[in-house]
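Thanks for asking me to look this one over. My notes follow, one topic to a point.

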Amino acid sequence: MNRAARAIRRTLHAVCACAISTVFGARAETLHMAVDILPPSLGNPYRTSLPPTAWTVTALFDALTRFGLDGRLQPALATHWENIDELTWRFDLRDDITFHNGAPFTAEAVVTAIDYISSDAASREGSKRELPMIKSARALSDYSVEIVTTEPSPQLPRAVSGFMIAEPNHWRAVGRDAFARDPVGTGPFKMEKMAENEWKLSAFSGGLRKPQVDGLEIVSVP
């Protein structure tokens with residue numbers, strides 16, 4: 001075994017030991033997670049739904065739908081969806097979800113997100129390229145939203161499973177770049193400290209998914 005291989009093996013042993021002590025310790029207060037790189041786009045939920053962003057922003061944000069462990073599509077921020085006509089979908093939303101800053105989750109958040117990714121300002125965002133069929137959205141009520149597509153899109157509920165929703169007032173107030181450093185979503189963890197090689201998050205119980213530990217630390221280990 002050469003020197004590089006021994007170094008890799010020692011690193012893997014250290015990571016495994018950390019995971020074992022966290023899971024089987026007297027009390028799992030903080031989960032320590034190592035990734036090879038943190039997202040260059042930080043906490044911007046619209047940059048992409050691919051790794052490394054997917055490894056981290058899913059702790060902070062939720063989407064309208066999600067896939068279960070069995071691979072089947074499930075409700076998430078949306079409870080029900082219906083194809084009204086060839087180009088129109090209606091999503092009914094949960095009425096008991098709050099963002100990390102205490103703001104209620106309503107249709108406004110979905111409309112704000114879709115207004116952004118369908119605009120020219122979002123030309124550099126991965127979500128715009130991943131959801132090119134989305135044309136516009138409007139709130140039918142506080143907890144119902146209509147999404148219009150540019151072409152018939154029978155797979156839209158599956159496609160939006162990676163489209164995370166940001167808190168709209170904070171997004172508008174601070175702008176894209178500042179929001180990326182101070183992200184606010186509905187996920188089971190909220191951002192406490194964002195450093196160059198480490199994110200520290202604390203548990204948040206006001207969202208859809210309830211946290212199982214008190215904190216989450218994500219560390220970049222190239």
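**Notes on the fold and its packing**

1. A word before the details: this is a predicted model. With that said, a convenient place to start is His170, which is found in helix α6. His170 has a relative accessibility of 16%, and because the cut-off for buried is under 20%, this residue counts as buried. Leaving aside residues up to four places away in sequence, His170 touches Asn101, Gly175, Phe179, Asp182 and Val184.

2. Helix α6 also carries Trp171, whose partner Tyr46 sits in the loop between β1 (30–35) and α2 (53–57), so this aromatic pair ties together parts that are 125 residues apart in sequence. Both Tyr46 and Trp171 are buried.

3. You may like the wider aromatic picture too. The structure holds nine aromatic pairs. In the pair made by Tyr46 and Trp171, the geometry is edge-to-face, with 5.1 Å centre to centre and 80° between the planes. These two residues belong to one aromatic cluster, together with Phe61, Tyr116, Phe163 and Phe179. Phe179 is also one of the residues that His170 touches.

4. Now to the sheet. Four strands make up an open sheet with antiparallel pairing, in the order β4-β5-β7-β6. At its edges are β4 (78–85) and β6, each of which pairs on one side only. Neighbouring strands are turned against each other by 20° on average, direction ignored.

5. Within that sheet, β6 and β7 run antiparallel and are joined by six bridges. One position to look up on screen is Arg138, which stands opposite Glu146 in β7.

6. Helix α3 lies across β5, β6 and β7, and runs at about 165° to β6. How many of the 11 residues of α3 are buried? Nine of the 11 residues in α3 (residues 107–117) are buried, so this helix is largely enclosed by the rest of the structure. The buried residues are Ala107, Ala109, Val110, Val111, Thr112, Ala113, Ile114, Tyr116 and Ile117. Tyr116 is also a member of the aromatic cluster from point 3.

7. Finally, what covers the buried residues of α3? The cover includes the strands β5 (88–93), β6 (134–141) and β7 (144–149), along with the helices α4 (126–130), α6 (168–174) and α7 (176–181). This brings us back to α6, the helix in which His170 is found.

Note on methods
Residues are numbered from 1 along each chain as its sequence is written. This is a predicted model: local features need pLDDT of at least 70, side-chain atom pairs count only at pLDDT 80 or more; totals for chains, interfaces and linings use all residues. Side-chain values use heavy atoms; hydrogens and water are left out. Buried means under 20% relative accessible area, exposed over 50%, partly exposed in between (1.4 Å probe, protein chains only). Helices (H or I, at least four residues) and strands (E, at least two) are DSSP runs, numbered from the N terminus. Contact means heavy atoms within 4.5 Å. Rings of Phe, Tyr and Trp (its six-membered ring) pair if their centres lie within 6.5 Å; planes under 30 degrees apart count as stacked, over 60 as edge-to-face and the rest as tilted. Two strands pair if DSSP finds at least two bridges between them. Axes are lines fitted to C-alpha atoms, for helices over the stretch in contact, and angles run from 0 to 180 degrees between N-to-C directions.
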